[in-house]
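Student: Got a minute to walk me through this one? I'd like to start with the strands.

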Amino acid sequence: MRLTNLSVGRPVFVTMVVLIVLLIGIISLTRLPIDLMPEIQYPTLTVATSYENASPEEVEELITRRVEEAVAAVPGVEEVTSVSAEGNSNVRITFAWGTNLDVAAADVRERIDRIIPSFPDDADRPQLRRFDPASFPILILGAASQLDPVELRELMEDIFQQRLERIPGVATVDVWGGLTREIQVNLDPGRVVALNLPLDSIRQSIIDANVLVPAGTIERDHRDVTLRTPGYFASLDELAGTVVAMRDGAPVYLDQIGRIDDTHERVSRIVRINGEPGFRLAVRKQSGTNTVDVARRVLAEVERINRDVPQVQLTPITDQSGYIEQAIGNVSRSVLYGGALAVGVLLFFLRNVRSTIVIATAIPISLIAAFSLMYLGGFTLNLMTLGGLALGVGMMVDNAIVVLENISRRREEGDHGAHAAIHGAREVTPAIVAGTLTTLAIFLPLVFVEGLAGVMFKQLGFVISFSLACSLIVAITFIPMLCARILRPANRQRFGLVKWGFSVSERWFKSIENGYLSLLRGTLKVRWLALLIVASLFAGSVWVIPLIGAEFMPETDEGEVRVSVEMDVGIRLERLDETMRRVEAIVLENVPETENWVTQMGSSGWRPGGGNTGNVRLSLVPEDQRTRSSEQIAEDLRPKLSNIPGATIRTRAGQGLFLLRMGAPDGEQLQIEVRGFELQTLDALARRVAEAVEPVRGVTDVRLSREDGAPQELVRIDRDRAADLGLSVSRVARSLETAIAGSRAGEFREGGKEYRIRVRMEDSERLEPEEILNFTVTNDAGDAIALRNVVSFVPAEGPVQIDRKNQQRITTISANISDRDLLSVVDDIRERLSEIAVPRNAEILITGDYEEQQEAFNELFLSLLLAIMLVYMVMACLYESLRDPLIVMFSVPMALIGVVAMLLLTETPFSVPAFIGSIMLGGIVVNNAILIVDQATRLRRDDGMTPHDAVLEAGRRRMRPILMTSLTTMLGLVPLAIGVGEGAEAQAPLARAVIGGLLSATAITLFIIPVLYTIFYARYKAPQ
């Protein structure tokens, strides 16, 4: 090879090139953003529409269905799901992976614009949003103080929020908790009725008295002067003095019929930080920024805020950056430990420090060079990219081992330094190029894998591929140059303990080599029996695969436990708060590992109809400071919280990888959808499904997506009579809204801020229907018409929300899984569901993680088949033969034996990472077979040996490099396979699958590949 000749002849040039690569790689490393996972852009758009005070059924009929029908025909749409709740419609549109969301968003916006005229007049304009995992909070801060809640809220928005949002990299800071100032006009029902004052006219009078209208421009001297009419309320006294009507020639002022209160909005949610009333601040970073960097700057600003405002203390409740740093540090240590173990294997086999150093240089050069690719490719330093380096660290020395071993053999045969280096590298270059290309070919199909698995593992494949390509270049350039320059002659003298150790180890290696040759000779005598035994092992492995179990992604311990509480729909907030305090007491007593906690209860902006729910979010001490995992803590808490009356309580470990579960709003692993059209039929069927699922072993926290019906009283408006009396339905509904919930009547401005003015009846929550019917509304002629003339109250029960999927109504049964794999649980559930009679026009589907897993496994299986075919084709191209690559390919199915055995022994379910590891094995295990087949072919062709003698000699020569390359790869993965520490769980199944498969494939390859070689070349006769 000319490249090898050049490198050996110009050592300074090669050394400088290597130093340039190292310098660029180190600079790239310092500039790489750090994140937990690769940036994932889900092909999802959401159309959100507000229709205040409308029931879920009205929202579904008037908003949701129209949006669904409009967007269903957009090109590339795969699924349309929606949630219709009181006053809110959310329609989520899922496109095929790879869809250009900018184009899709333009299409959706165009179709929405067409249907907006058909929306109710009171509905807000729909908003189009993208789902961006990067927008999830990287930090959740808690703020507790004894200040007035209203003042504290303003302090949070004016100072804390603004200071944090000014930090580079911070997108937004959401503030939850506290009380928002509101000016309430509490009308006296008796006076309003006595004076026969229409509610709509009272509200309109306030709006008309609170305006700023430009009067125009007049000319004065040489200037134009703008005239304005300052009609805003300058004080609450002016609001109180607003004239709302005339009675008997006398004005009726607002303060005569009601009370003006400078107060706060109705309390609908409560936030407690470490047991104290307070705020929850969610810090979101800008897309593409360094999560750890942004979090550090935010935490530094938090310290300054705490010093500047001592009355309020901000406390980090959850810190995603802390977990990321720990996870990245843990995987980085796995890279270092794996590299150290690989170097230890080299030293053990080579028994030569200089030779070990020569080979070990391939690791840092390949690793650091990979950082430059990551920087230029826009990658982040995450679990996948670092995991790729950890997985490849043992393979980075494989090529160097083969080169050095062959150079050393030639030196032992009497060849001199430079000549031995050049020709020793030249002899094995075709074999190592073939081995590297087959490994690289394995990762090519990952480019075609669609869905989440393809997005997540694409960076891993790129990083491993580039680092292995670098290791190949190092092996055929830098390693021969070092061998020629620094290796000592093979016949040098050794003295003392070194001489004794070398001779002992040499005898030991000779005995292993002789033992292997004896076994190989015996195996070649009973070739068909050996093949039968291996085939039986393979068949047995296939038979026990169902015992392994399967899941989508492995569970991770991210130092969080979440306790969710759900009570009867319509429960008062005070009663919910009492229950939450009991839950807090039990949780804190039984979880001493708690570092911080935040409690939230009541309605929230993102979950409609959640006024009957609450949750406690525990942040635990780091994993190395506790004896229980977050999953064990959740499991221990579950029975202790099961006896609180009137509450359904669910506990689960926090999963940062919940972003991988697009369909599960709360991150549940198991979801069963009941689809149909009639709500009553769906709910009845869903309850039967829940009852069937709950007893299944491993299933916990079963819940229904649609809660029991909310208590309602339907207000029936007699449309014909309203029309006869000159009333519109909208005007009647608005009057009812003012009477009960209160309606907005403009803003009160003070200090550059605006505060809502709400007109409502005093103690409206306690008004009887008969009292409400006494209120009046103005008709078109200006007459006051009592509401009882056009409306009536009908007791009813309505849904809290209505879920739809692909224009069908659905009810979802969701649950978590504990101490059991997903596939086994699903199999048991299928048996139970088969006993349920499904009504016509209804169906039951298992979705959630199971659906994602099936899609990912189908994609990866096709990728595996494609990878195996590519490996064969690459070898056929390199060897210009169809027979030799076919012999090599028989080593691939042998890896299955070890994969199954390792996953069974470690109780590791088969998951997406394990599948990726199995695909990688297809390119790794063939390298050993290539060494034997390539050497045997050379001996048969060049030295005229028979196939039998050629494989015996090839096995003797290649046994040691095969053992070295396999052991370095396996031991390099051991730290990752142990799976201890933050973030290691995500890569452990992949590492275990590779170790197990490589172990079995290596052991079997050393014997079965020679057997197959002699069978395939049985008719070959050596030249005379």
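Tutor: Sure, two terms to begin with. Two strands count as paired if DSSP finds at least two bridges between them. Helices (H or I, at least four residues) and strands (E, at least two) are DSSP runs, numbered from the N terminus. Bear in mind that this is a predicted model: local features need a pLDDT of at least 70 and side-chain atom pairs count only at pLDDT 80 or more, while totals for chains, interfaces and linings use all residues. Residues are numbered from 1 along each chain as its sequence is written, and side-chain values use heavy atoms, with hydrogens and water left out.

Student: OK, which residue stands opposite Ile273?

Tutor: Glu276 in strand 14 faces Ile273. Strand 13 and strand 14 (residues 276-285) run antiparallel and are joined by 2 bridges. Their hairpin has 2 residues between the strands, and Asn274 takes a positive phi near 50 degrees there.

Student: What else does strand 13 pair with?

Tutor: Strand 13 (residues 269-273) also pairs with strand 17 (residues 594-602), in the antiparallel sense over 5 bridges. In that pairing, Ile270 sits opposite Met601 of strand 17.

Student: Switching sheets: what's the strand order in the open sheet of 4 strands?

Tutor: The order is 12-7-24-23, with mixed pairing. Strand 12 (258-264) and strand 23 (743-750) are at the edges and have a single partner strand each, so one side of each is left without a neighbour in the sheet. On average, neighbouring strands of this sheet are turned by 25 degrees against each other, direction ignored. Axes here are lines fitted to C-alpha atoms, for helices over the stretch in contact, and angles run from 0 to 180 degrees between N-to-C directions.

Student: How many bridges join strand 7 to strand 12?

Tutor: There are 7 bridges, and strand 7 (residues 181-187) runs antiparallel to strand 12. One pair to look at is Glu182, opposite Thr263 in strand 12.

Student: Which strands does helix 5 lie across?

Tutor: Helix 5 (residues 149-165) crosses strand 7, strand 12 and strand 24 (753-761), at about 145 degrees to strand 24. Helix 7 (residues 199-208) lies across strand 7, strand 23 and strand 24, and runs at about 20 degrees to strand 23. Contact means heavy atoms within 4.5 Å.

Student: Just before that, what's the phi of Asn196?

Tutor: Asn196 has a positive phi of about 55 degrees, although it is not a glycine. Most residues other than glycine have a negative phi. Asn196 belongs to the loop between helix 6 (189-194) and helix 7.

Student: And Asn841, what about its phi?

Tutor: Asn841 isn't a glycine either, and its phi is positive at about 65 degrees. Look for Asn841 in the loop between helix 27 (822-833) and strand 30 (843-848).

Student: Is Asn841 buried or exposed?

Tutor: Asn841 is exposed, at 57% relative accessibility. Buried means under 20% relative accessible area, exposed over 50%, and partly exposed in between (1.4 Å probe, protein chains only). Asn196, at 36%, is partly exposed.

Student: Is Val777 buried or exposed?

Tutor: Val777 is buried, with 0% relative accessibility. It's in strand 25 (residues 776-778). Leaving aside neighbours within four places in sequence, Val777 contacts several residues, including Pro198, Asp200, Leu727 and Arg731.

Student: On to helices. Where does helix 31 bend?

Tutor: Helix 31 bends by about 35 degrees at Leu921. A bend at a residue is the angle between axes fitted to the seven residues ending there and the seven starting there. Of the 31 residues of helix 31, 28 are buried, so this helix is largely enclosed by the rest of the structure. Just after helix 31, Gly944 takes a positive phi of about 70 degrees.

Student: And where's the bend in helix 33?

Tutor: Helix 33 (residues 988-1016) bends at Thr1005, by about 50 degrees. Helix 33 is also largely enclosed by the rest of the structure, because 24 of its 29 residues are buried.

Student: Last one: what's the average pLDDT of the protein chain?

Tutor: The chain averages 80, and 91% of the residues score at least 70. Over residues 657-665 the pLDDT is below 50, though this stretch has 28 contacts in the model beyond near neighbours in sequence. pLDDT is the predictor's confidence in each residue, from 0 to 100. Where pLDDT is low, the predicted coordinates should not be read in detail.
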